[in-house]
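Colleague: Got a minute to walk me through this one? I'd like to start with a strand and work outwards.

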Amino acid sequence: MTLPREKLLEWYHQMVLIRHFEERSLDIYHAPKPEDRHIGGVYLHVYNGQEATGVGALAALKPQDHVITAYRDHGIAIARGVDPKRIMAEMFGKKTGVSGGKGGSMHIASAEHRMWGGYAIVGGHLPLATGIAMKARYMDLDEVTLSFIGDGATNNGYFHEALNMSAVWKLPVIWLIENNLYGMGTAVEDASGQVALHKRAIAYGMEDGGRIDGMDVTVVYDAITQAREYAIKHGPILIESMTYRYEGHGVSDKVAKERKDEMAKFQDRDPIKLLAQQMHDAFGAGIDDEIKRIDAQALREVDESVQFALESPDPTYADLFSNIYA
Amino acid sequence: MADKNISMRDAVRNALLEEMRRDERVYIMGQEVGKWNGTHKVTRGFLDEFGPRRVKDAPISEMAIAGAAIGSAMVGLRPVAEIMTINFAFLALDQLINHAAKIHYMFDGQMKVPMVMRCATGWGNQATASHSQTPEPIFAHFPGLYVGCPSNARDAKGMLKAAIRDDNPVLFTEVIALYPKPGPVPDDEEFLVPIGKSDLKRDGDHVTLVAYGRGVDWALEAAKMLERDGVRAAVVDLRWLRPLDMSIVFESFKKTNRCVVVEESLPHFSFGSEIAAQIQDKMFDYMDAPVKRVSALDVPLPFAAEIELMALPNAQKVVDAVKEIL
């Protein structure tokens, strides 16, 4: 392993922070007492299992680059460096949330991080990514746009139009499919004629970045690092990251729990355990204590985020009408 | 500066030219806007002057044209996207309604969407049902989006320039039948018609005719016909369906106590419905008669010229409606 120790520890921290953050979110959403269910509403899509893809991909970006994703967005925002306190507060519907409590779980954005959001219409953010990337070409800037794409989103018209347009104009976009095998409850093979989703690049005359192991953060990091270079020089590239979500599509989906054997197979290669093992092998048993310390630290950060959200004020009647127009 | 007598087509063209020369961030994207010189010849010569960087011929991808405009606007460009006719903008409805109109609010003001979507609109010319519609009210339903439709060359220039300079998403529709119609237009780069300002096109004290777009022509023609019978009709051009400025309508209504709404669009859940509702709500004490609506007939538009015109409003229908309530 050639990657520096500090870098790997930082990724480990982000991954374990995302894991704890998401598990706590689920606990709060499903709290036995109604008064403890501070995350309300009907939508909560967690990132457990997919951490290596988000963390590895964002580690390969530069600060001036752009990120956009769908509604499974908490983990992406954390990996981009957005304060978990403000993400948790958003999910609690508090005024201190990243989107002032107006967006909720599916609409986490932070303009200062160039994390342009979580979007809740499947595929709806893909042409936005095309447009964001247009600016880099328009102004000749060293900026790429990384757009996450759920496997399910590859089947609606947005995917076709947005990817084709990016290829026509040779825009610096990394299209990163997170293939977690299911679009809601429907398996990829039941929804896609071509199940090797990365091959769709060929149809657009776009660089086919192939299929990568989305459970290994170092693999994802390497792939996106190379993709960034390619996209800046030549134009868009499509990569398919094979991953798995440990929970249902959303909180209402109980079906995923029935896929025990499949789940076990992926959990054997859990991205967090895998990285811990890789670091152990590379740097010796001395690193294990460090890993435990980071684990505890991440838990504390999640506690703090919950505390922050609990103590934060609710939006007011005036907020209901603010920012409808600029 | 003096007025020049030019067509509405040239007024729109001049507005675009002036704004592109003024602001490097303004660019044009749409089907056939470049090499073809624009389907309606509004952008003729633009490709020669500004080049393909700023005049972008787009694939037939309405969703991506709208989405890319939004995305590029979020990061600081000022796109003027063209969808050939408003009938095709239905394909972009999700982008306009779920994205353009909501992004500023949903992320609590973190991003602005300073884009204009231009569409040709209007009934007739045997264009048939799917190409012959005036559906502005559908788009005006949603807070977050502005919707404007000029009735003449002068307003077209001033309204479009104001729309391009505004920081909010604007749907700007241009009635095809009005493109060749000449009128006096200020030859002034700073001539703006503010967003959300209605206009008294003719004063009168017996009845208030309220219209936008092509309806204004029918209303003005009807007012002339009524004058012969000694009826003095006021004509208010709302110009913007959102924000809706009812101040001049109310002022006029206090004097006339009667109102006829003239709309090229369909009657069901329409522009006229909204105007009538607001008058009965806010002007009840001044009402001497029910608010009448002259709309297109509640049918899809047929091809055969003999019956096509029967479905459309005209000045005589407006005169008849006025006579019913005098």
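Modeller: Sure, and keep in mind that this is a predicted model. Take strand 2 of chain B, which is covered on both faces: Val26(B), Ile28(B) and Gly30(B) are buried on one side, Tyr27(B) and Met29(B) on the other.

Colleague: How many residues of strand 2 of chain B are buried, then?

Modeller: Five of its five, so "mostly covered" is a fair label by the under 20% cut-off for buried. The split between the sides fits a general pattern: in a regular strand, side chains alternate between the two faces of the sheet.

Colleague: Which strands does strand 2 of chain B pair with?

Modeller: One partner is strand 4 (residues 78–85) of chain B, parallel, over five bridges. There, Ile28(B) has Val80(B) as its bridge partner. Another is strand 3 (residues 55–57) of chain B, also parallel, over three bridges, and in that strand Lys56(B) stands opposite Met29(B).

Colleague: OK, on to the packing. Which residues touch the most other members of the largest nonpolar core?

Modeller: Trp175(A), Leu16(B), Met29(B), Met74(B), Ile103(B), Met117(B) and Ile279(B), out of 118 residues in that core. Helix 3 (residues 62–74) of chain B gives the largest share, eight residues. Domain 1 (3–186) and domain 2 (199–325) of chain B each supply at least three residues.

Colleague: And what does Ile103(B) contact, leaving aside neighbours within four places in sequence?

Modeller: Tyr119(A) and Leu128(A) from chain A, plus Ile70(B), Met74(B), Met111(B) and Val113(B) from chain B. Apart from that core lies another one of 64 residues, including Tyr47(A), Ile78(A), Val144(A) and Ile291(A).

Colleague: Switching to helices. How long is helix 9 of chain B?

Modeller: Helix 9 (residues 214–228) has 15 residues and reaches 23 Å from its first C-alpha to its last, close to the 21 Å expected at 1.5 Å a residue. Just after this helix, Gly230(B) has a positive phi of about 80°.

Colleague: Which residues of helix 9 of chain B are buried, and what covers them?

Modeller: The buried ones are Arg214(B), Gly215(B), Val216(B), Trp218(B), Ala219(B), Ala222(B), Ala223(B), Met225(B) and Leu226(B). Their cover includes strand 7 (170–175), strand 9 (199–202), strand 10 (207–211), strand 11 (233–237), strand 13 (259–262) and helix 13 (315–325), all of chain B.

Colleague: Any backbone oddities? Which residues other than glycine have a positive phi?

Modeller: Asn37(B) is one of them, with phi near 70°, in the loop between strand 2 (26–30) and helix 2 (46–54) of chain B. Thr128(B) also has phi near 70°, and sits in the loop between strand 5 (116–121) and helix 7 (136–140) of chain B. Both are partly exposed, Asn37(B) at 28% relative accessibility and Thr128(B) at 26%.

Colleague: Where is the cis peptide bond?

Modeller: From Arg242(B) to Pro243(B), with omega near -5°. Pro243(B) is in the loop between strand 12 (240–242) and helix 10 (247–256) of chain B.

Colleague: Last one: how many disulfides are there over all chains?

Modeller: Zero. Cys119(B) has its nearest cysteine sulfur, in Cys149(B), 11 Å away.

Colleague: Why is Cys259(B) not bonded to Cys149(B)?

Modeller: Because the two sulfurs are 18 Å apart, too far for a bond, even though Cys149(B) holds the closest cysteine sulfur to Cys259(B). Cys259(B) is buried at 0% relative accessible area, and Cys119(B) is buried at 1%.

Conventions. Residues numbered from 1 in each chain as written. Chains lettered and ligands numbered in written order. Heavy atoms only, no water. Core = buried A, V, L, I, M, F, W, Y, C linked by side-chain atoms within 4.5 Å. Buried < 20%, exposed > 50% of the residue type's maximum accessible area, 1.4 Å probe, protein only. Helix = DSSP H or I, 4+ residues; strand = E, 2+ residues; numbered from the N terminus. Domains from an automatic or database assignment. Contact = heavy atoms within 4.5 Å. Disulfide = S-S within 2.5 Å. Expected span 1.5 Å × (residues − 1). Pairing = 2+ DSSP bridges.
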